[in-house]
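Hi,

Here is the structure I said I would pass on. Have a look around first, and then read on for what turned up.

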Amino acid sequence: MKFLSSLFLLFTVIIGTANTIPPTGYKTGDVATDFKLKSVDGKLYSLSDYKGAKGFIVVFTCNHCPFAVKYEDRINDLAKKYKSKGYILLAINPNDPEVQPADSFDLMKVRAKEKGFVFPYLFDEGQTIYPQYGATKTPHAFLLDKNRVVKYIGAIDDNVDSAADVKEKYLENAIAAIESGKTPSPETTKAIGCSIKYKR
């Protein structure tokens, strides 16, 4: 009986642990699942909404992080530049506003209006999407092709502090590679930014 009780306890611990360990996320070559998230305009957005898209730029970002703030204008410029080329940029705030109040949905609306965002700024309510992707920072970029195959993961470029001093445009180079039918090089880089805020 004591053995069975111990076995049950061990089983309970294993199951509990399995529910709390976040998934490792996507690797290049994986197919990303679709999502349906609310944007600051009150509408719900999914990848499947864009039937004719050549690809998707999914960027996990937020309001408060200094790194994310430094990239806001660059993300807006990317959305403008690549929309005409068939690439849709979707920005997702993955942070729990109870942990970081500056990243609340209401303040997302304020920030989007202040900065004139031209892309859907989505809220990962319940924090179900960022673990699927494996995002760990804000900002953290994922490039998908039209079939939602992950082609690039990581930083947008190699200079957080100055857009004028960027030497390697990792994300744009990855788009150029897949446009040419090539594999991006590098396929992954280290995302530099703030850690994603969640209840521990």
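**The disulfide**

A search of the whole structure turns up 1 disulfide. Before going further, please keep in mind that this is a predicted model. The link is formed by cysteine 65 and cysteine 194, with their sulfur atoms 2.2 Å apart. If the term is new to you: a disulfide is a covalent bond between the sulfur atoms of two cysteines.

Which parts of the chain does this pair tie together? Cysteine 65 sits in the loop between β3 and α2, while cysteine 194 belongs to strand β9, so the bond ties together parts that are 129 residues apart in sequence. The link is right-handed, with 85° about the S-S bond. Both ends are tucked away: cysteine 65 counts as buried at 0% relative accessibility, and cysteine 194 counts as buried at 13%.

There is also cysteine 62, which is in no disulfide. The nearest cysteine sulfur to cysteine 62 is that of cysteine 65, 5.0 Å away. That is too far because a disulfide needs sulfur atoms within 2.5 Å. Cysteine 62 is buried too, at 2% relative accessibility.

**The chain as a whole**

Now step back a little. The chain has 5 helices and 9 strands. Read from the N terminus, the elements go α-β-β-β-α-β-α-β-α-β-β-β-α-β. Of the 200 residues in the chain, 46% are buried. The accessible surface comes to about 10800 Å², and carbon and sulfur atoms account for 56% of that.

Here is a number worth a second look: take the contacts between residues at least 6 apart in sequence, and 77% of them join residues at least 24 apart.

**Two nonpolar cores**

In soluble globular proteins, nonpolar side chains tend to be buried together. In this model, the largest nonpolar core holds 27 residues, and those touching the most other members are Ile57, Leu89, Phe119, Leu143, Ile156 and Leu171. Elements giving two or more residues to this core are β3, α2, β4, α3, β5, β7 and α5. Which of them gives the largest share? That is α2, with 5 residues. Apart from this core lies another one, of 23 residues, among them Tyr26, Tyr45, Phe56 and Phe60.

Try clicking on isoleucine 57, which is in strand β3. Isoleucine 57 is buried, with a relative accessible area of 0%. Leaving out neighbours within four places in sequence, isoleucine 57 is in contact with residues including Tyr82, Leu89, Leu90, Phe142, Leu143 and Leu171. You can also compare positions in sequence and in space: isoleucine 57 and tyrosine 152 are 95 residues apart along the chain, and their C-alpha atoms are separated by 9.5 Å.

Isoleucine 156 is another good one to click on. Not counting residues up to four places away in sequence, isoleucine 156 touches Val59, Tyr71, Ile75, Leu78, Ala141, Lys169, Tyr170 and Leu171.

**A buried asparagine**

Is asparagine 95 buried or exposed? At 1% relative accessibility, asparagine 95 counts as buried. You will find asparagine 95 in the loop between β4 and α3. Its side chain makes a polar contact with the side chain of aspartate 103, at 2.8 Å. The side chain of asparagine 95 also reaches the backbone nitrogen of lysine 197, again at 2.8 Å. Beyond four places in sequence, the residues that asparagine 95 touches include Cys62, His64, Phe123, Gln127, Ser195 and Ile196.

**One helix with two sides**

Last stop: α3. An α-helix has 3.6 residues a turn, so residues three or four places apart point the same way. In α3, Phe105, Met108 and Ala112 are buried. Seen down the helix axis, the buried residues of α3 fall within an arc of 40°, so they line one face. What do they pack against? The buried residues of α3 pack against β1, β4 and β5. On the other side of α3, Asp106, Lys113 and Glu114 are exposed. Following α3 comes glycine 116, which has a positive phi, near 65°.

That is the tour. Write back if you get stuck anywhere.

Cheers

How values were computed:
Residues are numbered from 1 along each chain as its sequence is written. This is a predicted model: local features need pLDDT of at least 70, side-chain atom pairs count only at pLDDT 80 or more; totals for chains, interfaces and linings use all residues. Side-chain values use heavy atoms; hydrogens and water are left out. Helices (H or I, at least four residues) and strands (E, at least two) are DSSP runs, numbered from the N terminus. Buried means under 20% relative accessible area, exposed over 50%, partly exposed in between (1.4 Å probe, protein chains only). Contact means heavy atoms within 4.5 Å. Accessible areas come from the Shrake-Rupley method with a 1.4 Å probe; for residues, only the protein chains shown count as cover. A nonpolar core is a set of buried Ala, Val, Leu, Ile, Met, Phe, Trp, Tyr and Cys residues joined through side-chain atoms within 4.5 Å. A polar contact is a pair of N or O atoms within 3.5 Å; within protein, one must be able to donate a hydrogen and the other to accept it, and residues adjacent in sequence count only if both atoms are side-chain atoms. The arc is that of the directions from the helix axis to the C-beta atoms.
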